[in-house]
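Here is a friendly walk through the fold you are about to see. Have the viewer open and follow along as the helices and strands come up.

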Amino acid sequence: MPGIAQVGTEELLAQIDRDLELGIRSVLLFGHPETGGKSADGMAAAAANGAVQQAVSALKQRFGQDLIVITDVCLCAYTDHGHCGIPTDTGEIDNDSSLRSLAAAALSHAEAGADIVAPSDMMDGRIGAIREALEGDGLQDVQIIAYAAKYAS
């Protein structure tokens with residue numbers, strides 16, 4: 001996509017400095033695993049030392065409440081098959097196991113300091129599963145923005 005780039009933490013912090021000067025007060029982060037980090041269950045999305053988690057922590061440490069940090073929650077970038085959910089042996093998506101992985105990813109983003117988690121997958125029950133995980137960890141103030149637009153071509 002034009003204008004979209006993967007950046008390291010220092011470049012991200014510098015960009016946010018410039019954005020804040022322009023009056024931009026929020027950022028939406030999309031993650032990716034390290035090379036070789038994709039798997040069938042996409043659990044690298046929940047890694048405490050993942051790119052999103054490190055970026056969130058650095059942003060909140062530097063900018064605190066001056067910046068609203070939103071994170072995309074989805075498994076597709078982290079799965080070796082590219083789906084937002086986890087497939088069964090027969091190739092169908094297992095909604096319930098996908099919910100556990102999505103909730104784990106959202107929880108790790110919130111623990112890193114995200115103000116808002118934004119699931120973009122298409123799993124049934126994802127908001128409830130994420131809310132339950134957040135509240136179970138004492139993170140009831142973390143907001144959820146559910147967004148997804150999927151089109152058939």
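L99, L102, A103, A106, L107 and A110 in α3 meet R126, A129, I130, A133 and L134 in α4, where contact means heavy atoms within 4.5 Å. Helices here are DSSP runs of H or I with at least four residues, strands are runs of E with at least two, and both are numbered from the N terminus. This is a predicted model, in which local features need pLDDT of at least 70 and side-chain atom pairs count only at pLDDT 80 or more, while totals for chains, interfaces and linings use all residues. Residues are numbered from 1 along each chain as its sequence is written, and side-chain values use heavy atoms, with hydrogens and water left out.

**How the helices pack**

Two packed helices are described by the angle between their axes and the distance between the axes. The axes used here are lines fitted to C-alpha atoms, for helices over the stretch in contact, and angles run from 0 to 180 degrees between N-to-C directions.

| Helix pair | Axes come within | Crossing angle |
|---|---|---|
| α3 and α4 (residues 126-136) | 9 Å | roughly 45° |
| α2 and α3 | 8 Å | roughly 25° |

Angles under 35 degrees count as roughly parallel, over 145 as roughly antiparallel, 65 to 115 as roughly perpendicular and the rest as oblique. The helices α3 and α4 are therefore oblique to each other, whereas α2 and α3 are roughly parallel. On the α2 side, V52, Q53, V56 and S57 make the contact, and from α3 come S108, H109 and A112.

Which hand does the crossing of α2 and α3 have? That crossing is right-handed, meaning that the near helix is turned clockwise from the far one by less than a right angle (anticlockwise would be left-handed). The way α3 passes α4 is also a right-handed crossing.

**A closer look at α2**

Helix α2 (residues 51-63) has 13 residues and should span 18 Å at 1.5 Å a residue, and its end C-alpha atoms are 18 Å apart, which agrees. The expected span is 1.5 Å times one less than the number of residues. After α2 comes G64, with a positive phi near 55°.

Within α2, the buried residues are V52, Q53, A55, V56, A58, L59, K60 and F63. Buried means under 20% relative accessible area, exposed over 50% and partly exposed in between, using a 1.4 Å probe and protein chains only. Their cover includes α1 (9-21), β1 (26-29), β2 (68-73) and α3 (95-112).

L59 is a good residue to click on in helix α2. It counts as buried because its relative accessibility is 0%. Leaving aside neighbours within four places in sequence, L59 is in contact with L12, L13, I16, V27, L29, G64, L67 and V69. L59 and T9 are 50 residues apart in sequence, yet their C-alpha atoms are 8.6 Å apart in space.

**The sheet**

Strands of a sheet pair through backbone hydrogen bonds, either parallel or antiparallel. In this model, an open sheet of 4 strands runs in the order β1-β2-β5-β6 with parallel pairing; two strands pair if DSSP finds at least two bridges between them. The edge strands are β1 and β6 (143-144), each pairing on one side only.

Starting from the β1 edge, 4 bridges join β1 to β2, and L28 has I70 of β2 as its bridge partner. The covered face of β1 holds V27 and L29, while S26 and L28 are on the uncovered one.

Next, β2 and β5 pair over 4 bridges in the parallel sense, with V73 opposite P119 in β5. Strand β5 (residues 116-119) is joined to β6 by 2 bridges. I116 has Q143 of β6 as its bridge partner, and V117 stands opposite I144. Both faces of β5 are covered: I116 and A118 are buried on one side, as are V117 and P119 on the other.

**A loop residue beside α3**

Where does D137 lie? D137 is in the loop between α4 and β6. At 37% relative accessibility, D137 counts as partly exposed. Not counting residues up to four places away in sequence, D137 touches L107 and E111. D137 and E111 are 26 residues apart along the chain, and their C-alpha atoms are separated by 8.8 Å.
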